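User: Please take a close look at one part of this structure and describe what surrounds it. I would like the cut-offs behind each term as well.

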Amino acid sequence: MRWQEFEEEVRRICEAHDFSTKFRCVFKDEEGRAEIDVVAERYGIVLCFDAKLYSASRYRASQLRREAEKHRRRCERFSALIGKRAIPVVVSFIDDSLRFHSGCIIVPYHSLNEFLTNLHFYLAEFGFL
C-alpha cells in the first residue's frame, strides 16, 4: 500500500461511520501553509487525521511522538481558522502501543473502526469531552 492509498482508506473508514470528510485539507494562516490528511466531522465533533504509513524497518516511537506534536500544533492552527475545536488524531499503520502523546490521540490502523464506533468513550478518556 502506498501512503496515498492509506490516506484514502482512512477517509473511507470515516465516511463508513457517517462522518462528512474533507480530504487533504490545505489551509493557510499567519504561520504559513499546512495540510491535514483527513478532516472528519459528525455531530459537531471535528477529527483531524494524520495518516502515518511507516514500515516496520524505519518506524520508531520517538518519530511518532514528534509527528504527534507537530500534528497537535497544526490542529490548533486549524481550530483557530474554523472556530471549532479540532481534535488531533494520528493513525499509524504499525501499532507501537502509544495511545496519546502531547494532546494528540494515536490510533493504530487496525483499531480505527473500533475507535470511531466508541468515539465518545475515547474522547472522554483523553479529556476532549
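Analyst: The account below starts with helix 2 and then turns to its surroundings.

The model is predicted, so local features need pLDDT of at least 70 and side-chain atom pairs count only at pLDDT 80 or more, while totals for chains, interfaces and linings use all residues. Residues are numbered from 1 along each chain as its sequence is written, and side-chain values use heavy atoms, leaving out hydrogens and water.

Helix 2 covers residues 61-82. Helices (H or I, at least four residues) and strands (E, at least two) are DSSP runs, numbered from the N terminus. The 22 residues of helix 2 should span 32 Å at 1.5 Å a residue, and the 31 Å between its end C-alpha atoms agrees with that; the expected span is 1.5 Å times one less than the number of residues. Just after helix 2, G83 takes a positive phi of about 75°.

Which residues of helix 2 are buried? They are A61, Q63, L64, E67, A68, H71, R74, C75, R77, F78 and S79. Buried means under 20% relative accessible area, exposed over 50% and partly exposed in between, with a 1.4 Å probe and protein chains only. The cover over these residues includes strand 1, strand 2, strand 3, strand 4, strand 5 and strand 6, where contact means heavy atoms within 4.5 Å.

Two of the strands in that cover also belong to a hairpin: strand 1 and strand 2, with 2 residues between them. They pair in the antiparallel sense over 9 bridges; two strands pair if DSSP finds at least two bridges between them. D29 has G32 in strand 2 as its bridge partner.

Salt bridges come next. A salt bridge is a side-chain nitrogen of Lys or Arg within 4 Å of a carboxyl oxygen of Asp or Glu, and the whole structure holds 14 of them. One joins the side chains of E31 and R73 at 2.1 Å, N to O. E31 lies in the loop between strand 1 and strand 2 and R73 in helix 2, so this pair ties together parts 42 residues apart in sequence. E31 is partly exposed at 46% relative accessible area, and R73 is also partly exposed, at 34%.

Another salt bridge, between E41 and K84, has an N to O distance of 2.6 Å. Here E41 is in strand 2 and K84 in the loop between helix 2 and strand 4, so the pair ties together parts 43 residues apart in sequence. E41 is partly exposed with a relative accessible area of 27%, as is K84 at 38%. Through shared partners, salt bridges join D29, E31, R72, R73, E76 and R77 into one network.

The nonpolar packing remains. A nonpolar core is a set of buried Ala, Val, Leu, Ile, Met, Phe, Trp, Tyr and Cys residues joined through side-chain atoms within 4.5 Å. The largest core has 24 residues, of which L47, F49, V89, I105, L112, F115 and L116 touch the most other members. The elements that give two or more residues to this core are helix 1, strand 2, strand 3, strand 4, strand 6, helix 3 and helix 4. A second, separate core of 10 residues includes V46, C75, F78 and A86. C75 and F78 are among the buried residues of helix 2 listed above.
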